[in-house]
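Please study the sequence and the three-dimensional structure shown below. The paragraphs that follow lead through it step by step, beginning with strands and ending with a pocket.

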Amino acid sequence: MAALQSVRGTKDLLPNQIQDWYFIESVFRKCAEQFGYTELRTPIFEYTEVFLRGVGDTTDIVGKEMYTFDDKSGNSLTLRPEMTAALVRSVIQNSLIQQSSPTKLWYFGPFFRYERPQKGRYRQFHQFGAECLNTEFPESDLETILLANRIIKSLGIAESNLQINSLGNETVRATYKEELKNYLKQHFDKLSEDSQRRLEGNPLRVIDSKDPRDIEISANAPKLKNYFDNESADHFGFVIKSLDDLGIAYTLKDNLVRGLDYYSHTVFEFQSSYLGSQDSFGGGGRYNKLFEELGGKKAPSVGFAFGVERLLLILEQQNLLNSPAPRLDFYVMTSNSKDLPLAISYTDRLIKMGKSANYDLHRKSFKSQLKDANRLNARYVLILGEDEIQNNQIAFKNMETGEQITIAQTDFEDQISKII
Ligand code: HAM
């Protein structure tokens with residue numbers, strides 16, 4: 001029978017890669033904690049309605065990419081394609097919003113989108129994200145960008161480009177959408193099929209399309225910033241001026257609208273030239289209406305998420321993934337497998353001392369055990385040979401220096417502590 005394969009667009013995370021993930025996770029956790037965020041974990045699946053209402057039914061995510069199924073009771077469930085809507089659902093349900101103070105949450109975990117798999121694009125991928133909830137002022141937009149920036153720097157990513165735009169408030173966006181639709185309708189025949197389809201429901205997506213036909217038409221389209229009222233201009237002005245004051249580089253990108261419906265005011269993405277066509281490794285923005293859309297009280301919020309696989313691709317290309325191979329402290333050997341119970345008891349004592357320790361599980365020859373100790377990268381080997389056992393001793397070998405000494409079996413723990 002043919003061996004079964006993993007599902008297309010999914011990847012196994014192998015033992016030799018796991019140290020890199022631990023490294024990335026530790027940077028996320030440390031930076032998020034520095035900025036006063038605490039972790040929230042939610043289930044992998046939600047009622048489909050969370051994403052229909054949260055992400056928006058004109059988006060590609062909801063329209064084409066969700067893993068949706070009925071459970072045995074006929075409930076429509078969806079594997080989460082993103083966290084923001086699920087997190088807001090949880091925050092409302094668990095009453096995590098406190099009046100007049102922000103709730104700051106971070107998350108890390110797998111997400112699912114039925115996209116066409118390619119380098120940097122998978123059907124199961126991982127995001128780290130942070131959401132600053134219940135804050136309407138642009139200081140919080142800035143703080144989330146600063147957190148994202150700190151993570152990028154702490155990971156050691158040398159080259160990244162922050163692209164930023166503002167979608168203004170709802171009123172100016174509504175006026176603009178009508179103007180944009182009128183303009184695009186005049187050029188309907190020249191637009192891509194995707195954009196022709198999006199024009200009515202989500203005209204903003206047409207202007208960030210990568211199709212050359214849409215790019216040509218969008219070049220002369222009305223610009224959203226020309227419709228800004230004072231509130232929209234002041235909000236974005238504060239964010240931009242603060243980035244300037246802090247010396248953080250950015251590119252203003254008029255046509256950055258992002259692929260989710262919930263944004264208003266600031267939106268941003270991080271891009272890297274190391275990534276080819278899937279060049280965006282993180283993105284986010286402000287969402288002021290999502291709480292109400294999911295049945296909660298008003299709580300304007302802002303956040304972002306990084307794609308962990310894309311961060312890893314960048315780190316790999318910068319040669320920054322050199323986590324040391326895992327090491328074993330002790331390998332406990334016997335020259336005869338009848339003495340294994342003694343090896344097991346010494347291994348047990350080492351584990352109780354907080355060391356990592358293994359003994360032979362294959363009843364192998366002495367020579368093969370030594371090979372095993374090398375393969376496992378053991379720092380030290382303890383040898384329980386015939387002579388040692390007869391004399392109540394243990395041989396202790398330092399695998400780095402090759403030095404070997406004999407110690408007495410009495411006061412084992414004390415002696416080991418003194419030597420290493
Ligand atoms: P997003 O831009 O859809 O935003 O996803 C964020 C990041 O997840 C992307 O920049 C990318 O690195 C990664 N990503 C997305 N899809 C895939 C995929 N199929 N394969 C690999 N990586 C992928 C959001 O999800 C928003 N919830 C971000 C946010 C948080 N906005 C406000 N708060």
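How many residues lie between strand 3 and strand 4 in the hairpin that they form? The model to be examined is a predicted one. In this model, strand 3 and strand 4 make a hairpin with 5 residues between them. One residue of the turn is Gly 74, whose phi angle is positive, at about 85°.

The two arms of this hairpin can be followed residue by residue. Strand 3 covers residues 67-70, and strand 4 covers residues 76-79. The two strands run antiparallel and are joined by 4 bridges. Tyr 67 faces Leu 79 of strand 4, while Asp 70 has Ser 76 as its bridge partner in strand 4. Strands of a sheet pair through backbone hydrogen bonds, either parallel or antiparallel.

The hairpin belongs to an open sheet of 3 strands, arranged in the order 2-4-3 with antiparallel pairing. Strand 2 (45-47) and strand 3 stand at the edges of this sheet. Each of them has a single partner strand, so one side of each is left without a neighbour in the sheet. From one strand to the next, the twist averages 30°.

Strand 14, made up of residues 378-384, offers another example of pairing. In which sense does strand 14 pair with strand 12? Strand 12 (residues 328-334) pairs with strand 14 in the parallel sense, over 6 bridges. Within this pairing, Met 333 has Ile 383 of strand 14 as its bridge partner. Strand 14 is also joined to strand 15 (residues 393-398), by 4 bridges, and these two strands run antiparallel. Here Leu 382 stands opposite Phe 396 of strand 15. Strand 14 is mostly covered, as 6 of its 7 residues are buried.

The loop between strand 5 (103-112) and strand 6 (124-133) contains Tyr 114. Is Tyr 114 buried or partly exposed? With a relative accessible area of 45%, Tyr 114 is partly exposed, because the partly exposed class lies between the limits of 20% and 50%. Tyr 114 and Gln 99 are 15 residues apart along the chain, and their C-alpha atoms are separated by 38 Å.

Attention now turns to the cysteines. How many disulfides does a search of the whole structure find? The search finds 0 disulfides. The closest cysteine sulfur to that of Cys 31 belongs to Cys 132 and is 16 Å away, which is too far for a bond. A disulfide requires the two sulfur atoms to lie within 2.5 Å. Cys 132, likewise, is in no disulfide, and its nearest cysteine sulfur is that of Cys 31. Cys 31 counts as buried because its relative accessibility is 2%, and Cys 132 is buried with a relative accessible area of 2%.

The last topic is empty space. Rolling a probe the size of a water molecule over the atoms shows where empty space is left. The second largest pocket holds about 790 Å³ of space. It is lined by 37 residues, and those closest to its centre are Glu 170, Arg 173, Tyr 263, Ser 264 and Lys 289. Several elements each supply at least two residues of this lining, among them helix 2 (48-55), helix 10 (230-245) and strand 9 (264-271). Helix 6 gives the most, with 5 residues. By class, the lining has 12 nonpolar, 12 polar and 13 charged residues.

Terms used
Residues are numbered from 1 along each chain as its sequence is written. This is a predicted model: local features need pLDDT of at least 70, side-chain atom pairs count only at pLDDT 80 or more; totals for chains, interfaces and linings use all residues. Side-chain values use heavy atoms; hydrogens and water are left out. Buried means under 20% relative accessible area, exposed over 50%, partly exposed in between (1.4 Å probe, protein chains only). Two strands pair if DSSP finds at least two bridges between them. On a 1 Å grid over the protein atoms alone, a cavity is a set of points where a 1.4 Å probe fits but cannot get out, and a pocket is an open set with protein on both sides within 12 Å along at least five of seven lines; lining residues have an atom within 4 Å of a point. Grid points are joined across faces, edges and corners, and a volume is the space filled by probe spheres set on the points. Ala, Val, Leu, Ile, Met, Phe, Trp, Tyr, Cys and Pro count as nonpolar, Asp, Glu, Lys and Arg as charged, and the others, Gly among them, as polar. Axes are lines fitted to C-alpha atoms, for helices over the stretch in contact, and angles run from 0 to 180 degrees between N-to-C directions.
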